[in-house]
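Me: I should like a close look at one part of this model, namely the packing around a single segment. Please set it in the context of the whole chain and state the criteria used.

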Amino acid sequence: MAMRNTRLNDIKEKLAARDYRLTPQRELILEIFVENSDHHLSAEEIYDLIRQKNPDIGLATVYRTLELLEDLKVIQSINFGVGCARYEFTGDRHHH
């Protein structure tokens with residue numbers, strides 16, 4: 001839990017440095033990454049998992065958030081050659 005809080009605080013600082021804030025939607029997407037840290041999730045998989053927790057979040061919000069988090073170097077996209085990008089936290093133990 002301490003690592004999660006440290007990571008969230010780091011992300012909040014990165015967002016604030018660019019005049020963004022950690023909205024509930026962004027925090028929920030980050031929670032999905034934390035809960036599934038052993039998986040490389042596609043945007044659609046993230047969306048499906050989020051809809052179980054908050055059915056009001058739209059797919060466009062997921063894509064915009066992923067783009068922002070990737071731009072901030074919080075996550076990275078990985079292409080395994082299957083036609084869609086998959087995402088993981090940067091700095092995780094997986095390296096590609």
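Reply: Helices (H or I, at least four residues) and strands (E, at least two) are DSSP runs, numbered from the N terminus. The order of elements along the chain, starting at the N terminus, is α-α-β-α-α-β-β, giving four helices and three strands. The model is predicted, with local features requiring pLDDT of at least 70 and side-chain atom pairs pLDDT 80 or more, while totals for chains, interfaces and linings use all residues. Residues are numbered from 1 along each chain as its sequence is written, and side-chain values use heavy atoms, without hydrogens and water.

Of the 96 residues in the chain, 35% are buried (under 20% relative accessible area, 1.4 Å probe, protein chains only). Among contacts (heavy atoms within 4.5 Å) that link residues at least 6 apart in sequence, 47% connect residues at least 24 apart.

The segment chosen here is helix 4, which spans residues 59–71. Its partners are taken in turn, beginning with helix 2.

Helix 2, residues 24–35, packs against helix 4 with the axes (lines fitted to C-alpha atoms over the stretch in contact) 10 Å apart and at an angle of about 75°. The two helices are therefore roughly perpendicular (65 to 115 degrees) to each other. From helix 2, Gln25, Arg26, Ile29, Leu30 and Phe33 take part, and they meet Thr61, Val62, Thr65, Leu66, Leu68 and Leu69 of helix 4. This contact of helix 2 with helix 4 comprises seven nonpolar, three polar and one charged residues; Ala, Val, Leu, Ile, Met, Phe, Trp, Tyr, Cys and Pro count as nonpolar, Asp, Glu, Lys and Arg as charged, and the others as polar.

Helix 3, residues 43–53, is the other partner considered, and its axis comes within 10 Å of that of helix 4, crossing at roughly 125°. Helix 3 and helix 4 are therefore oblique to each other, a class for angles outside the ranges under 35, 65 to 115 and over 145 degrees. On the helix 3 side, Ala43, Glu44, Ile46, Tyr47 and Ile50 meet Leu59, Val62, Tyr63 and Leu66 of helix 4. By class, eight nonpolar residues and one charged residue form this contact of helix 3 with helix 4, and no polar ones.

Helix 4 also contains glutamate 67. Glutamate 67 counts as exposed because its relative accessibility is 58%, above the 50% cut-off. Its C-alpha lies 9.4 Å from that of serine 77, a residue 10 positions away in sequence.

Conventions. Axes fitted to C-alpha atoms, helices over the stretch in contact; angles between N-to-C directions.
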